[in-house]
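Welcome! Please take a moment to look at the sequence and the 3D view, and then let us walk through some details together.

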Amino acid sequence: MRITEITLKNKALSHFILLMVLMGGLYSYFKMGKLEDAPFTIKQALVITQYPGASPEEVEEQVSDILEEAIQSLDELDFILSDNRAGLSKITVNIRKETGPDDMQQLWDKLRRKVNDVQDKLPDGAQSSIVRDDFGDVLGVFYGLSGDGFTSRELDDYSRKIKNRLLQVPDVAKVERFGLGVPTIEVELSPGKMGEAGINISQLVAVFNAQNKVVNAGNIITETNRIRIEPSGWFSSVAAIENFLIPAPNGEHVPLKEMATVRESYLTPYATKFKVNGHPGVGIAVSTVQGGNVVDMAEEVKRVLGQVQETLPLGLELHNVYDQGAESSKANQGFINNLILSIATVVGILLLFIGFRTGMLIGSGLVFAILGTLLVMFSQGIALQRSSLAAIIIAMGMLVDNAIVVADAIIVNMQVGMTRREAINKAVKVSAMPLLGATFIAVLTFMPIYLSPHSTGEYFASLFAVIAVSLFLSWIFAITQTPLYCDQFLKQSKGAGQADPFQGKMYDRFRRILSLIIRYKWAMAATLVILLMGAVWGFKYIPRVFMPDLEKPLFVVDMWMPEGTKIEQTEAVMEEVHDYLQEYDEVVQLTTSIGQSPPRYYLANSSFGPQPNYGQTIVQTHSFEEVLAMKDAVNTALQSRFPSASVKINLFATMPAYEADIEARFCGPDANVLDSLVSVAKGIMNKNPKVMMPRNEWRNRVMVWVPEFDQNKARRVNTNRGQIAQTLAAYSDGAAIGVYRERDKQIPVMLKIDTDEVSNMDELENVPVLGANAQSIPLSRLTRNQGIKWEYPMIKRYNRERSMAAQCDAAPGYTNSEVLKELRSEIEQMELPEGYTMFWDAEFKTQKEAMEALTRFMPLAIILLVIVLIALFGNYWQPTIVMLILPLSLIGVSFGLLITGKEFGFNSIIGWLGLLGMIIKNIIVLLDEVNIQLGSGQGHYQAIVSATVSRSRPVVMAAATTICGMLPLLFDSVFGSMAATIIFGLTFATVLTLLAVPALYSIFYGIIPNENN
């Protein structure tokens, strides 16, 4: 080819370019971004609206329904989920998987506009909706600041200083604090003293807000200036609030401190709390700028926090909860180790087959291809992370395939008497286009992954890109660098041209085997069909796991107490969980969150809450083996200790965990009907011994106290419903009566009533309500009756329709797919009333969407593949042979997964797609040689035998290098199943290439061996 001639003619320039590739690749490795996992866009946003005092039904009908109607007009919308609780609407907006990452910010702006447009339709009392589009941001460096005996204000102050210091670190995008209380100014009233002064709550609230309101006082106009008037008098300190004068009916002014105690406090009940090893603390999470090097950033954060620790008071400590930089560094170091091992293995295989000199020549091409790939990755902003590193290792053995074919052809040509330059030119001329077509096909097999619109496709997108770049670079180096080095370092062997290079005992035996295969071609075909049927049957015994767990010395305990549990009780239970876990010698550190899960500190971290009955503990051990040894025992023990709670143990994985792994979701208008359907489904789940913790997604109903307001009675004492509600709130959690402004902070002022002056608080009907005349009036005199009702604590909706799910998990020792398979038929046969539907949610839905997205572009890849094959061979028979061989690859895959015990899932499917490309590449090399032999005048029998014999060495070498290059990945937690698929699949496929292809060729072309053959 012309490019080869230019390379050989301009050796100085060629060596300089290779040197630049070498130096550029090394530079790129040290400068390129490094992450733990391949980033993917979480196409979700949260719309949160508070509606204090509203029931779940009121929140659903008056807030969520209005917002959902506006949101559903988004063209890119996939589906909407809403969680309606007392006083809170939380809507999760899910965008179509096809939407590109670059379009998301514009889409979120559109969502904000639609939400803002309907704010005036929300009821009075509903607060402005908040759109959180940073829901998917990953804050990969997570520390905890904790200490016993420190107040919340001290933790707040110290963590704020740490945050400000970390924001100065290079590559830090943002710092988020977690677990802080909401500061308040608490005004605790004495009802007796208020009565003596003749002041009621309404008067106090009105006067307080008027005093502290920001007002426009106008301007002073002079001849040349306009001077703004800024009247002072708003509250600037707690003392100012204490000394605030309240006008009494008798004309006097009473200081607030004579009727109330004013103090700085925190909002109760608190929404979240954070602890490290049982000590109160604050979570500090740090994110990297896009494209940044998380390893360097995390190291700098660690150094800075080490300096900060020296300045902190004794007893206040910083704890490393999760360090993505360290995890990425570990993964990158593992990559280097695997890379060195793979290169050594590949070169060793080459040395074994073709000698030291040629082996080193081909091995050098592997180094150039890898460094060239790193250079392209760096220029395109592709970071080193789990997927891209795996891609390089997957491609490792394949990278030398092209060089092996070219170098082997050069050696054979020289052995038959050609000069070195003639041998090079002929080898490149004959091999270049078939190898380019085979390389293109190998890349095509990964294309459906890249085009998949699902998040799994985005996660593995870099895998496709890196494999495509590396394989095409390997082809370029095979027709440039390989001929260049062969021209310089290969020596003409003595006796060249005097003997057939394919003579010897091994080759003679192989020819006899081929003769038998061709003679008994139909028996061979029948044997392959039987083996394929056995392989398909064997898949029944291979465990199905969609995405594997990561081998981290961490696991998470998620716990949901019964609905209605106060957060203080949840905290007490989580302290018991902490004490139990601390008994294990394997435990290194325990990090507890109450009320809500922490920020997304790793990519697949799940988000739960806010809800007072939820708690989470992150358990750190010494090793992943200890995690596996502990998790089932911990699960069993916690379920036994807390039978009313839902406990779920989650290992760290590549995809987010669900509240329940198996969910049968029912949709319809009536909550009671949904409840009955879920009860039936739960009954079916309960009968299955492989099922663990069947439960209703809405959980238990909760008790609500309902005092029925009597308007006529209230008018007689000059009070109203709002004042009654405000008074009741003051007796419990407190009523917000204003805002205290302190620099950049707005601190709510909470009114509470000193309950020590009330002797019968246990009797709700006698709670005193202050009327307009400041006299205490028992609540029973303002209501007709007081009763208890039961309500659902939450109302969930799916696409604007009420939905309730029957949930469960697989018991230890069973997979989710195995359990779901046993439950499906019976639950799907349930009779549903008209207007009600059911579908499988959670992991099943994600798997289904991922597989549909993956297979969506399979027909396109197959069509392109066939087009390339027909273009290469110029006929239909040989492409048909290629396509018939491909399903047979499942024989080796099935055997490999059974032998290794690896699971069949998304990663093994990806491995199989790559395997198909490798198989096709080998078959193309073989059939192309057949066509060359036919062109030289040989018959079909001699052509297929001669081609198979002559191509056996490059095919076996290519397979051996790929298999050995994949061995380091066989023990990887994420890509182990992919490695097993390729290793065992390619091993059997090599046999298929050398034996099954001749058999099928002889069938299609009617070859019958005879004595002359």
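## A starting point: Phe971

Where is the place of Phe971? Phe971 sits in the loop between α31 (940-966) and α32 (976-1004). Keep in mind as you look that this is a predicted model.

Is Phe971 buried or exposed? A residue counts as exposed when its relative accessible area is over 50%. Phe971 has a relative accessibility of 66%, so Phe971 counts as exposed. You can also find Lys902, which is 69 residues apart from Phe971 along the chain. In space, the C-alpha atoms of Phe971 and Lys902 are separated by 10.0 Å.

## The whole chain

Now step back and view the chain as a whole. The protein chain has 1013 residues, and 55% of them are buried. Its secondary structure includes 32 helices and 30 strands. Along the principal axes, the C-alpha atoms fill a box of roughly 130 × 75 × 60 Å.

How do parts of the sequence meet? Take the contacts with a separation of 6 or more: 80% of these are between residues 24 or more positions apart. The accessible surface of the chain is about 43600 Å², and carbon and sulfur atoms account for 55% of that surface. As for charge, the chain carries 87 positive and 103 negative charges, and their mean positions lie 9 Å apart.

## Helix α4 and its two sides

Helix α4 covers residues 104-117, which makes 14 residues. At 1.5 Å a residue, α4 should span 20 Å, and its end C-alpha atoms are indeed 20 Å apart.

Which residues of α4 are buried? They are Met104, Leu107, Trp108, Leu111 and Val115. Seen down the axis of α4, these buried residues fall within an arc of 100°, so they line one face of the helix. A general rule helps here: an α-helix has 3.6 residues a turn, so residues three or four places apart point the same way. The buried residues of α4 pack against β1 (44-50), α3 (56-71), β3 (88-95) and β4 (130-132). On the other side of α4, Gln106 and Asp117 are exposed.

## Helix α27

Another helix to try is α27, with 14 residues running from 843 to 856. At 1.5 Å a residue, the expected span of α27 is 20 Å, which agrees with the 20 Å between its end C-alpha atoms.

In α27, the residues Glu843, Lys845, Thr846, Ala850, Ala853 and Leu854 are buried. Looking down the axis of α27, you would see its buried residues within an arc of 165°, so they line one face of the helix.

## Unusual backbone spots

Most residues other than glycine have a negative phi, and most peptide bonds are trans. With that in mind, here are some spots to check.

Thr268 and Pro269 are joined by a cis peptide bond, with omega about -5°. Pro269 lies in the loop between β12 (260-266) and β13 (273-276). Next, Asn277 is not a glycine, although its phi is positive at about 55°. Asn277 belongs to the loop between β13 and β14 (279-288), and its 26% relative accessibility makes Asn277 count as partly exposed.

What is the phi of Asn799? Asn799 has a positive phi of about 50°, although Asn799 is not a glycine. You will find Asn799 in the loop between β28 (794-798) and β29 (801-810). With a relative accessible area of 38%, Asn799 is partly exposed.

Definitions and conventions. Residues are numbered from 1 along each chain as its sequence is written. This is a predicted model: local features need pLDDT of at least 70, side-chain atom pairs count only at pLDDT 80 or more; totals for chains, interfaces and linings use all residues. Side-chain values use heavy atoms; hydrogens and water are left out. Helices (H or I, at least four residues) and strands (E, at least two) are DSSP runs, numbered from the N terminus. Buried means under 20% relative accessible area, exposed over 50%, partly exposed in between (1.4 Å probe, protein chains only). Contact means heavy atoms within 4.5 Å. Accessible areas come from the Shrake-Rupley method with a 1.4 Å probe; for residues, only the protein chains shown count as cover. Lys and Arg count as positive and Asp and Glu as negative; His and the chain ends are not counted. The place of a charge is taken as NZ of Lys, CZ of Arg, CG of Asp or CD of Glu. The expected span of a helix is 1.5 Å times one less than its number of residues. The arc is that of the directions from the helix axis to the C-beta atoms.
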